[in-house]
Amino acid sequence: MDVPPPHRQTAAATTAALAALAAAQFAVTLSTSIVNVALPAVRDGVGLSDAGMSWVVNAYGLAFGALLLPGGRAADLLGRRRVLTVGLALFTVAAVTAGLASTPWMLVTARTAQGLGAAAIAPAALSLVMRLHPPGPARARALGVWGAVSGAGGAAGVLLGGVLTEGPGWRWVFHASGIGAALVLAATVHLVPADPKEESGGPRPRLDVAGSLTVTAGLVSLVYGLTAAGRSGWTDPLVLGSLAAATVLLALFVLVERRHAAPLLPSGLLTHGAVGPANLLMALLGAVWVGLFFFLPLYQQQVLGAGPLEAGLSQLPLAAANMLGSGLAPALTRRIGPHRTLLAGLVTQAAGFLWLARITADGTFLTHLLGPVLLVGAGLGVAFVQLTGAAVSGVEPAHAGLAGGLVNTTRQIGGAVGLAVLGTLAAARTASASASASADLPRTAALTEGYRGAFLLSAAVLGLGAVLTPLVARRARPVRTPDPDSTPPPRAVPCTSSRTR
(Lines give C-alpha, C1' and ligand atoms only; values in the text may rest on other atoms or scores of the structure.)
Protein backbone atom coordinates (compact mmCIF):
# COMPACT_ATOMS: atom_id res chain seq x y z
CA MET A 1 0.00 0.00 0.00
CA ASP A 2 1.35 3.41 -0.97
CA VAL A 3 2.04 5.84 1.83
CA PRO A 4 0.18 9.12 1.37
CA PRO A 5 2.29 12.21 0.75
CA PRO A 6 2.93 14.51 3.72
CA HIS A 7 0.18 16.99 2.84
CA ARG A 8 -2.39 14.18 2.85
CA GLN A 9 -1.26 12.64 6.12
CA THR A 10 -3.87 12.74 8.86
CA ALA A 11 -3.03 14.53 12.09
CA ALA A 12 -2.85 11.19 13.93
CA ALA A 13 -0.49 9.72 11.33
CA THR A 14 1.76 12.77 11.44
CA THR A 15 1.87 12.64 15.23
CA ALA A 16 2.77 8.95 15.14
CA ALA A 17 5.52 9.63 12.61
CA LEU A 18 6.89 12.44 14.79
CA ALA A 19 6.95 10.09 17.78
CA ALA A 20 9.00 7.55 15.83
CA LEU A 21 11.43 10.20 14.57
CA ALA A 22 11.80 11.74 18.04
CA ALA A 23 12.52 8.27 19.42
CA ALA A 24 15.29 7.87 16.84
CA GLN A 25 16.88 11.14 17.99
CA PHE A 26 16.47 10.09 21.63
CA ALA A 27 18.36 6.83 20.91
CA VAL A 28 21.25 8.77 19.37
CA THR A 29 21.63 11.26 22.23
CA LEU A 30 21.08 8.55 24.86
CA SER A 31 24.01 6.53 23.51
CA THR A 32 26.27 9.57 23.79
CA SER A 33 26.07 9.58 27.59
CA ILE A 34 24.77 6.15 28.66
CA VAL A 35 28.27 4.67 28.96
CA ASN A 36 29.74 7.48 31.09
CA VAL A 37 28.94 6.07 34.53
CA ALA A 38 29.54 2.47 33.34
CA LEU A 39 33.14 3.05 32.21
CA PRO A 40 34.88 1.57 35.30
CA ALA A 41 32.78 -1.59 35.02
CA VAL A 42 33.38 -1.76 31.25
CA ARG A 43 37.12 -1.42 31.84
CA ASP A 44 37.16 -4.35 34.23
CA GLY A 45 34.85 -6.42 32.06
CA VAL A 46 36.93 -6.45 28.87
CA GLY A 47 40.37 -5.57 30.24
CA LEU A 48 40.66 -2.01 28.96
CA SER A 49 43.51 0.29 29.91
CA ASP A 50 42.77 3.79 31.16
CA ALA A 51 43.52 5.18 27.69
CA GLY A 52 41.41 2.47 26.07
CA MET A 53 38.52 3.28 28.40
CA SER A 54 38.23 6.77 26.93
CA TRP A 55 37.92 5.26 23.46
CA VAL A 56 34.65 3.61 24.41
CA VAL A 57 33.25 7.15 24.37
CA ASN A 58 35.54 8.72 21.77
CA ALA A 59 35.05 6.09 19.06
CA TYR A 60 31.32 6.77 19.00
CA GLY A 61 31.77 10.53 19.07
CA LEU A 62 34.45 10.53 16.36
CA ALA A 63 32.41 8.49 13.88
CA PHE A 64 29.23 10.37 14.71
CA GLY A 65 30.68 13.86 14.38
CA ALA A 66 32.87 13.20 11.34
CA LEU A 67 30.23 11.45 9.22
CA LEU A 68 27.22 13.70 9.84
CA LEU A 69 27.73 15.80 6.72
CA PRO A 70 27.99 12.79 4.36
CA GLY A 71 25.10 11.20 6.24
CA GLY A 72 22.91 14.25 5.74
CA ARG A 73 23.80 14.52 2.05
CA ALA A 74 23.16 10.82 1.53
CA ALA A 75 19.69 11.32 3.04
CA ASP A 76 18.97 14.09 0.51
CA LEU A 77 20.20 12.06 -2.46
CA LEU A 78 19.17 8.51 -1.62
CA GLY A 79 15.96 9.07 0.32
CA ARG A 80 15.60 10.16 3.92
CA ARG A 81 13.57 7.25 5.25
CA ARG A 82 15.83 4.77 3.45
CA VAL A 83 18.97 6.25 5.03
CA LEU A 84 17.23 6.45 8.41
CA THR A 85 16.25 2.77 8.39
CA VAL A 86 19.73 1.66 7.28
CA GLY A 87 21.26 3.78 10.04
CA LEU A 88 18.91 2.31 12.66
CA ALA A 89 19.69 -1.24 11.51
CA LEU A 90 23.45 -0.62 11.73
CA PHE A 91 23.03 1.11 15.10
CA THR A 92 21.07 -1.88 16.46
CA VAL A 93 23.57 -4.52 15.33
CA ALA A 94 26.54 -2.47 16.56
CA ALA A 95 25.00 -1.85 20.01
CA VAL A 96 24.23 -5.53 20.56
CA THR A 97 27.74 -6.45 19.36
CA ALA A 98 29.26 -3.98 21.84
CA GLY A 99 27.33 -5.69 24.64
CA LEU A 100 28.74 -9.07 23.56
CA ALA A 101 32.33 -7.81 23.25
CA SER A 102 35.02 -9.82 25.00
CA THR A 103 38.07 -7.88 23.82
CA PRO A 104 38.91 -4.15 23.70
CA TRP A 105 39.22 -4.04 19.89
CA MET A 106 35.81 -5.66 19.43
CA LEU A 107 34.16 -3.14 21.77
CA VAL A 108 35.82 -0.09 20.20
CA THR A 109 35.02 -1.31 16.67
CA ALA A 110 31.38 -1.83 17.60
CA ARG A 111 31.16 1.64 19.12
CA THR A 112 32.64 3.11 15.92
CA ALA A 113 29.98 1.32 13.86
CA GLN A 114 27.33 2.59 16.27
CA GLY A 115 28.54 6.15 15.67
CA LEU A 116 28.36 5.57 11.91
CA GLY A 117 24.72 4.49 12.30
CA ALA A 118 24.00 7.56 14.42
CA ALA A 119 25.49 9.82 11.73
CA ALA A 120 22.88 8.49 9.31
CA ILE A 121 20.01 8.64 11.81
CA ALA A 122 20.27 12.21 13.15
CA PRO A 123 20.18 14.29 9.93
CA ALA A 124 17.70 12.01 8.16
CA ALA A 125 15.28 12.08 11.09
CA LEU A 126 15.48 15.87 11.46
CA SER A 127 14.90 16.48 7.75
CA LEU A 128 11.87 14.16 7.86
CA VAL A 129 10.47 16.18 10.77
CA MET A 130 10.84 19.34 8.69
CA ARG A 131 9.22 17.70 5.66
CA LEU A 132 6.22 16.43 7.60
CA HIS A 133 5.57 19.76 9.36
CA PRO A 134 5.17 22.90 7.23
CA PRO A 135 6.40 26.25 8.58
CA GLY A 136 4.19 27.65 11.29
CA PRO A 137 2.85 26.48 14.66
CA ALA A 138 2.96 22.80 13.67
CA ARG A 139 6.67 22.96 12.90
CA ALA A 140 7.35 24.97 16.06
CA ARG A 141 5.64 22.31 18.16
CA ALA A 142 7.53 19.54 16.37
CA LEU A 143 10.85 21.28 17.01
CA GLY A 144 9.83 21.66 20.65
CA VAL A 145 9.41 17.89 20.86
CA TRP A 146 12.72 17.46 19.07
CA GLY A 147 14.51 19.71 21.52
CA ALA A 148 12.93 17.96 24.49
CA VAL A 149 14.07 14.48 23.47
CA SER A 150 17.53 15.73 22.43
CA GLY A 151 18.24 17.28 25.81
CA ALA A 152 16.46 14.62 27.82
CA GLY A 153 18.39 11.88 26.01
CA GLY A 154 21.69 13.03 27.48
CA ALA A 155 20.33 13.16 31.02
CA ALA A 156 18.41 9.90 30.62
CA GLY A 157 21.59 8.23 29.40
CA VAL A 158 23.38 8.99 32.67
CA LEU A 159 20.36 7.76 34.66
CA LEU A 160 19.82 4.57 32.66
CA GLY A 161 23.55 3.85 32.63
CA GLY A 162 23.64 3.96 36.43
CA VAL A 163 20.55 1.77 36.82
CA LEU A 164 21.78 -0.88 34.38
CA THR A 165 25.36 -0.89 35.67
CA GLU A 166 24.28 -1.48 39.26
CA GLY A 167 21.52 -3.88 38.13
CA PRO A 168 21.99 -6.48 35.38
CA GLY A 169 25.49 -5.24 34.52
CA TRP A 170 27.38 -3.03 32.09
CA ARG A 171 26.64 -5.21 29.03
CA TRP A 172 22.99 -4.22 29.29
CA VAL A 173 24.01 -0.61 28.80
CA PHE A 174 24.64 -1.57 25.17
CA HIS A 175 21.95 -4.24 24.84
CA ALA A 176 19.29 -1.77 25.98
CA SER A 177 20.42 0.70 23.30
CA GLY A 178 20.19 -2.03 20.69
CA ILE A 179 16.74 -3.20 21.75
CA GLY A 180 15.47 0.38 21.80
CA ALA A 181 16.86 1.07 18.32
CA ALA A 182 15.25 -2.11 16.98
CA LEU A 183 11.86 -0.97 18.26
CA VAL A 184 12.39 2.46 16.69
CA LEU A 185 13.32 0.79 13.40
CA ALA A 186 10.07 -1.18 13.40
CA ALA A 187 8.08 1.97 14.20
CA THR A 188 9.86 3.93 11.45
CA VAL A 189 9.05 1.35 8.79
CA HIS A 190 5.36 1.34 9.70
CA LEU A 191 4.74 4.98 10.63
CA VAL A 192 7.08 7.27 8.68
CA PRO A 193 6.10 7.96 5.05
CA ALA A 194 8.73 7.53 2.35
CA ASP A 195 10.13 10.37 0.29
CA PRO A 196 8.66 10.76 -3.20
CA LYS A 197 12.10 10.01 -4.64
CA GLU A 198 12.14 6.69 -2.74
CA GLU A 199 8.83 5.71 -4.30
CA SER A 200 9.72 6.83 -7.82
CA GLY A 201 12.48 4.28 -8.35
CA GLY A 202 14.29 6.68 -10.67
CA PRO A 203 18.05 7.02 -11.13
CA ARG A 204 20.02 8.11 -8.09
CA PRO A 205 22.46 11.03 -8.27
CA ARG A 206 26.03 10.53 -7.19
CA LEU A 207 27.38 11.53 -3.81
CA ASP A 208 30.38 13.88 -3.74
CA VAL A 209 32.88 11.15 -2.85
CA ALA A 210 36.01 13.32 -2.82
CA GLY A 211 34.33 15.92 -0.63
CA SER A 212 32.95 13.25 1.70
CA LEU A 213 36.37 11.62 2.14
CA THR A 214 38.27 14.83 2.77
CA VAL A 215 35.75 16.32 5.21
CA THR A 216 35.40 13.02 7.08
CA ALA A 217 39.16 12.56 7.42
CA GLY A 218 39.56 16.22 8.37
CA LEU A 219 36.88 16.10 11.06
CA VAL A 220 38.23 12.81 12.44
CA SER A 221 41.68 14.39 12.76
CA LEU A 222 40.21 17.53 14.34
CA VAL A 223 38.04 15.74 16.89
CA TYR A 224 40.80 13.26 17.72
CA GLY A 225 43.34 16.04 18.24
CA LEU A 226 40.99 18.03 20.45
CA THR A 227 39.99 14.96 22.45
CA ALA A 228 43.61 13.90 22.95
CA ALA A 229 44.56 17.44 23.94
CA GLY A 230 42.35 17.21 27.01
CA ARG A 231 44.26 14.12 28.08
CA SER A 232 47.83 14.64 26.82
CA GLY A 233 48.14 18.42 26.63
CA TRP A 234 48.19 20.84 23.72
CA THR A 235 51.94 20.44 23.08
CA ASP A 236 51.85 16.66 22.61
CA PRO A 237 53.31 15.75 19.16
CA LEU A 238 50.33 13.52 18.33
CA VAL A 239 47.91 16.32 19.17
CA LEU A 240 49.82 18.85 17.06
CA GLY A 241 50.10 16.38 14.18
CA SER A 242 46.38 15.63 14.26
CA LEU A 243 45.43 19.30 14.29
CA ALA A 244 47.86 20.03 11.44
CA ALA A 245 46.41 17.15 9.40
CA ALA A 246 42.91 18.46 10.08
CA THR A 247 43.91 21.91 8.79
CA VAL A 248 45.33 20.49 5.56
CA LEU A 249 42.42 18.11 4.95
CA LEU A 250 39.73 20.72 5.60
CA ALA A 251 41.51 23.20 3.33
CA LEU A 252 41.61 20.48 0.66
CA PHE A 253 37.89 19.94 1.21
CA VAL A 254 37.24 23.61 0.45
CA LEU A 255 39.23 23.33 -2.79
CA VAL A 256 37.39 20.17 -3.82
CA GLU A 257 34.01 21.77 -3.16
CA ARG A 258 34.83 24.80 -5.31
CA ARG A 259 35.47 22.58 -8.31
CA HIS A 260 32.63 20.06 -7.89
CA ALA A 261 29.44 20.40 -9.94
CA ALA A 262 27.25 19.10 -7.08
CA PRO A 263 29.30 19.77 -3.91
CA LEU A 264 28.68 18.10 -0.58
CA LEU A 265 28.35 21.53 1.06
CA PRO A 266 26.88 24.14 -1.32
CA SER A 267 28.71 27.45 -1.03
CA GLY A 268 25.52 29.41 -0.41
CA LEU A 269 24.31 27.37 2.54
CA LEU A 270 26.37 28.91 5.34
CA THR A 271 25.97 32.45 4.02
CA HIS A 272 22.21 32.15 3.64
CA GLY A 273 20.13 33.98 6.23
CA ALA A 274 20.62 32.70 9.75
CA VAL A 275 22.13 29.31 8.85
CA GLY A 276 25.75 30.33 9.51
CA PRO A 277 25.16 32.29 12.76
CA ALA A 278 22.80 29.59 14.07
CA ASN A 279 25.46 26.92 13.52
CA LEU A 280 28.07 29.09 15.22
CA LEU A 281 25.88 29.47 18.30
CA MET A 282 25.02 25.77 18.20
CA ALA A 283 28.75 25.03 18.42
CA LEU A 284 28.96 27.21 21.55
CA LEU A 285 25.90 25.49 22.98
CA GLY A 286 27.40 22.07 22.24
CA ALA A 287 30.59 23.04 24.07
CA VAL A 288 28.81 23.72 27.36
CA TRP A 289 26.26 20.92 26.85
CA VAL A 290 28.87 18.16 26.59
CA GLY A 291 30.90 19.73 29.39
CA LEU A 292 27.89 19.74 31.71
CA PHE A 293 27.17 16.03 31.27
CA PHE A 294 30.88 15.27 31.74
CA PHE A 295 31.74 17.36 34.80
CA LEU A 296 28.49 17.14 36.74
CA PRO A 297 28.60 13.34 37.29
CA LEU A 298 32.33 13.57 38.07
CA TYR A 299 31.73 16.19 40.76
CA GLN A 300 28.96 14.10 42.31
CA GLN A 301 30.98 10.87 42.30
CA GLN A 302 34.54 12.07 42.95
CA VAL A 303 33.76 14.92 45.37
CA LEU A 304 30.35 14.26 46.91
CA GLY A 305 30.82 10.47 46.99
CA ALA A 306 27.67 9.56 45.07
CA GLY A 307 27.38 6.16 43.42
CA PRO A 308 26.47 5.58 39.74
CA LEU A 309 22.78 5.13 40.51
CA GLU A 310 22.57 8.24 42.69
CA ALA A 311 24.44 10.30 40.08
CA GLY A 312 22.05 9.01 37.45
CA LEU A 313 18.90 9.76 39.44
CA SER A 314 20.08 13.30 40.02
CA GLN A 315 19.79 13.90 36.26
CA LEU A 316 15.99 13.68 36.44
CA PRO A 317 15.44 17.34 37.43
CA LEU A 318 17.77 18.41 34.63
CA ALA A 319 15.87 16.31 32.10
CA ALA A 320 12.50 17.57 33.35
CA ALA A 321 13.63 21.21 33.15
CA ASN A 322 15.00 20.63 29.65
CA MET A 323 11.71 19.14 28.47
CA LEU A 324 9.81 22.03 30.05
CA GLY A 325 12.02 24.59 28.31
CA SER A 326 11.66 22.83 24.96
CA GLY A 327 7.89 22.70 25.35
CA LEU A 328 7.67 26.38 26.28
CA ALA A 329 9.91 27.59 23.45
CA PRO A 330 7.17 27.77 20.76
CA ALA A 331 4.81 29.70 23.06
CA LEU A 332 7.61 32.08 24.09
CA THR A 333 8.49 32.66 20.45
CA ARG A 334 4.93 33.65 19.63
CA ARG A 335 4.76 35.94 22.66
CA ILE A 336 8.13 37.74 22.65
CA GLY A 337 9.67 36.78 19.29
CA PRO A 338 12.48 34.38 18.32
CA HIS A 339 15.32 36.81 19.08
CA ARG A 340 14.27 37.49 22.65
CA THR A 341 13.37 33.84 23.23
CA LEU A 342 16.86 32.71 22.20
CA LEU A 343 18.44 35.45 24.30
CA ALA A 344 16.35 34.40 27.33
CA GLY A 345 17.45 30.77 26.90
CA LEU A 346 21.14 31.65 26.73
CA VAL A 347 21.00 34.09 29.67
CA THR A 348 19.10 31.58 31.81
CA GLN A 349 21.76 28.95 31.13
CA ALA A 350 24.56 31.40 31.89
CA ALA A 351 22.94 32.22 35.24
CA GLY A 352 22.75 28.51 36.04
CA PHE A 353 26.42 27.96 35.24
CA LEU A 354 27.42 30.98 37.34
CA TRP A 355 25.51 29.37 40.20
CA LEU A 356 27.29 26.05 39.58
CA ALA A 357 30.62 27.89 39.80
CA ARG A 358 29.87 28.32 43.54
CA ILE A 359 29.96 24.58 44.36
CA THR A 360 31.98 23.48 47.38
CA ALA A 361 33.79 20.31 48.37
CA ASP A 362 31.28 19.66 51.16
CA GLY A 363 28.17 20.61 49.22
CA THR A 364 24.93 18.69 48.75
CA PHE A 365 22.69 18.14 45.76
CA LEU A 366 19.77 20.08 47.22
CA THR A 367 21.72 23.16 48.26
CA HIS A 368 24.34 23.42 45.49
CA LEU A 369 23.06 21.59 42.40
CA LEU A 370 19.27 21.43 42.19
CA GLY A 371 18.65 25.14 41.58
CA PRO A 372 21.35 25.68 38.95
CA VAL A 373 20.60 22.50 37.00
CA LEU A 374 16.95 23.56 36.74
CA LEU A 375 18.04 26.88 35.23
CA VAL A 376 20.55 25.26 32.89
CA GLY A 377 18.09 22.60 31.77
CA ALA A 378 15.28 25.05 31.03
CA GLY A 379 17.57 27.47 29.19
CA LEU A 380 19.15 24.64 27.22
CA GLY A 381 15.76 23.44 26.01
CA VAL A 382 14.68 26.90 24.86
CA ALA A 383 17.97 27.71 23.10
CA PHE A 384 18.28 24.32 21.40
CA VAL A 385 14.83 24.57 19.84
CA GLN A 386 15.47 28.11 18.59
CA LEU A 387 18.88 27.34 17.10
CA THR A 388 17.76 24.11 15.45
CA GLY A 389 14.83 25.90 13.84
CA ALA A 390 17.02 28.78 12.64
CA ALA A 391 19.61 26.39 11.19
CA VAL A 392 17.16 24.36 9.09
CA SER A 393 14.14 26.60 8.44
CA GLY A 394 14.01 28.23 5.02
CA VAL A 395 16.41 25.69 3.51
CA GLU A 396 15.21 24.20 0.23
CA PRO A 397 13.90 20.61 0.53
CA ALA A 398 16.77 19.31 -1.60
CA HIS A 399 19.22 20.36 1.13
CA ALA A 400 17.17 19.60 4.25
CA GLY A 401 19.20 16.51 5.18
CA LEU A 402 22.45 18.38 4.66
CA ALA A 403 21.26 21.25 6.87
CA GLY A 404 20.30 18.73 9.54
CA GLY A 405 23.70 17.08 9.28
CA LEU A 406 25.44 20.44 9.46
CA VAL A 407 23.72 21.61 12.66
CA ASN A 408 24.43 18.25 14.30
CA THR A 409 28.05 18.43 13.12
CA THR A 410 28.61 21.87 14.62
CA ARG A 411 27.11 20.69 17.91
CA GLN A 412 29.40 17.64 17.96
CA ILE A 413 32.52 19.58 16.98
CA GLY A 414 31.63 22.30 19.47
CA GLY A 415 31.29 19.63 22.12
CA ALA A 416 34.71 18.18 21.30
CA VAL A 417 36.36 21.60 21.35
CA GLY A 418 34.54 22.57 24.53
CA LEU A 419 35.38 19.38 26.39
CA ALA A 420 39.05 19.66 25.42
CA VAL A 421 39.29 23.30 26.53
CA LEU A 422 37.19 22.85 29.66
CA GLY A 423 39.06 19.68 30.58
CA THR A 424 42.42 21.40 30.18
CA LEU A 425 41.27 24.34 32.29
CA ALA A 426 39.84 22.08 35.01
CA ALA A 427 43.03 20.01 35.16
CA ALA A 428 45.21 23.13 35.33
CA ARG A 429 43.17 24.69 38.13
CA THR A 430 43.14 21.42 40.06
CA ALA A 431 46.92 21.11 39.75
CA SER A 432 47.41 24.76 40.72
CA ALA A 433 45.19 24.38 43.78
CA SER A 434 47.11 21.29 44.86
CA ALA A 435 50.50 22.95 44.39
CA SER A 436 49.73 26.29 46.01
CA ALA A 437 47.90 24.98 49.06
CA SER A 438 49.26 23.07 51.99
CA ALA A 439 50.16 19.42 51.61
CA ASP A 440 47.13 18.34 53.61
CA LEU A 441 44.65 19.92 51.16
CA PRO A 442 41.99 17.29 50.45
CA ARG A 443 41.93 16.02 46.89
CA THR A 444 38.22 16.76 46.76
CA ALA A 445 38.89 20.48 47.36
CA ALA A 446 41.39 20.62 44.49
CA LEU A 447 38.99 18.80 42.16
CA THR A 448 36.20 21.17 43.12
CA GLU A 449 38.35 24.14 42.18
CA GLY A 450 38.84 22.64 38.72
CA TYR A 451 35.13 21.98 38.22
CA ARG A 452 34.29 25.51 39.35
CA GLY A 453 36.62 26.89 36.70
CA ALA A 454 34.98 24.75 34.01
CA PHE A 455 31.50 25.95 34.98
CA LEU A 456 32.64 29.58 35.11
CA LEU A 457 34.11 29.37 31.60
CA SER A 458 30.87 27.74 30.40
CA ALA A 459 28.96 30.77 31.68
CA ALA A 460 31.34 33.06 29.77
CA VAL A 461 30.82 31.05 26.56
CA LEU A 462 27.05 31.42 26.91
CA GLY A 463 27.50 35.13 27.54
CA LEU A 464 29.36 35.36 24.22
CA GLY A 465 26.48 33.51 22.60
CA ALA A 466 24.02 36.03 24.04
CA VAL A 467 26.06 38.88 22.54
CA LEU A 468 25.95 37.16 19.12
CA THR A 469 22.22 36.45 19.28
CA PRO A 470 21.20 39.39 17.01
CA LEU A 471 23.01 37.64 14.13
CA VAL A 472 20.44 34.82 14.28
CA ALA A 473 17.50 37.20 14.24
CA ARG A 474 17.64 37.62 10.47
CA ARG A 475 14.78 35.97 8.67
CA ALA A 476 15.79 32.87 6.71
CA ARG A 477 15.14 32.64 2.97
CA PRO A 478 15.35 29.56 0.75
CA VAL A 479 18.86 28.60 -0.24
CA ARG A 480 19.28 29.24 -3.96
CA THR A 481 21.57 26.36 -4.82
CA PRO A 482 20.93 23.83 -7.58
CA ASP A 483 19.13 20.61 -6.69
CA PRO A 484 21.19 17.77 -8.19
CA ASP A 485 18.11 15.54 -8.10
CA SER A 486 15.84 17.75 -10.16
CA THR A 487 15.69 19.17 -13.68
CA PRO A 488 16.09 22.91 -14.25
CA PRO A 489 12.80 24.80 -14.37
CA PRO A 490 11.69 26.14 -17.74
CA ARG A 491 12.71 29.70 -18.53
CA ALA A 492 9.96 32.14 -17.65
CA VAL A 493 8.24 33.99 -20.48
CA PRO A 494 8.44 37.79 -20.03
CA CYS A 495 5.17 39.28 -18.89
CA THR A 496 3.71 41.92 -21.19
CA SER A 497 1.42 43.38 -18.58
CA SER A 498 2.28 46.74 -17.10
CA ARG A 499 1.90 45.24 -13.61
CA THR A 500 5.27 44.14 -12.29
CA ARG A 501 6.55 42.99 -8.94
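Buried here means under 20% relative accessible area. Keep that cut-off handy for the exercises below, and remember that this is a predicted model.

**Exercise 1.** Decide whether F174 is buried or exposed, then do the same for W170.

*Solution.* Start with F174: its relative accessibility is 1%, so F174 counts as buried. Next take W170, which comes in at 10% and therefore counts as buried.

**Exercise 2.** Work out how many aromatic pairs the structure holds, and classify the one made by W170 and F174.

*Solution.* Counting up gives seven aromatic pairs. For W170 and F174, the ring centres sit 6.1 Å apart and the planes meet at 85°. Planes over 60 degrees apart count as edge-to-face, so W170 and F174 make an edge-to-face pair.

**Exercise 3.** Classify the pair W289 and F384, and find where its two members lie along the chain.

*Solution.* First the geometry: with centres 5.3 Å apart and planes at 80°, the rings of W289 and F384 are edge-to-face. Now the location: W289 belongs to helix 13 (residues 275-303) and F384 to helix 17 (residues 365-392). They are 95 residues apart, so this pair links distant parts of the chain. Last, check the cover: W289 is buried at 6% relative accessible area, and F384 is buried too, at 4%.

**Exercise 4.** Look at the surface and say which residues form a nonpolar patch with W172.

*Solution.* The partners of W172 are I179 and L183, and the patch has about 320 Å² of accessible area together. Zoom in on I179, found in helix 8 (residues 171-191). Its relative accessibility is 45%, so I179 counts as partly exposed.

Technical notes
Residues numbered from 1 in each chain as written. Predicted model: local features only at pLDDT ≥ 70, side-chain atom pairs only at ≥ 80, totals over all residues. Heavy atoms only, no water. Phe/Tyr/Trp six-rings, centres within 6.5 Å; stacked < 30°, edge-to-face > 60°. Buried < 20%, exposed > 50% of the residue type's maximum accessible area, 1.4 Å probe, protein only. Helix = DSSP H or I, 4+ residues; strand = E, 2+ residues; numbered from the N terminus. Patch = residues over 30% accessible without salt bridge, like charges linked within 9 Å, V, L, I, M, F, W, Y side chains within 5 Å. Areas by Shrake-Rupley, 256 points an atom, 1.4 Å probe, with all protein chains shown as cover. Salt bridge = Lys/Arg side-chain N within 4 Å of Asp/Glu carboxyl O.
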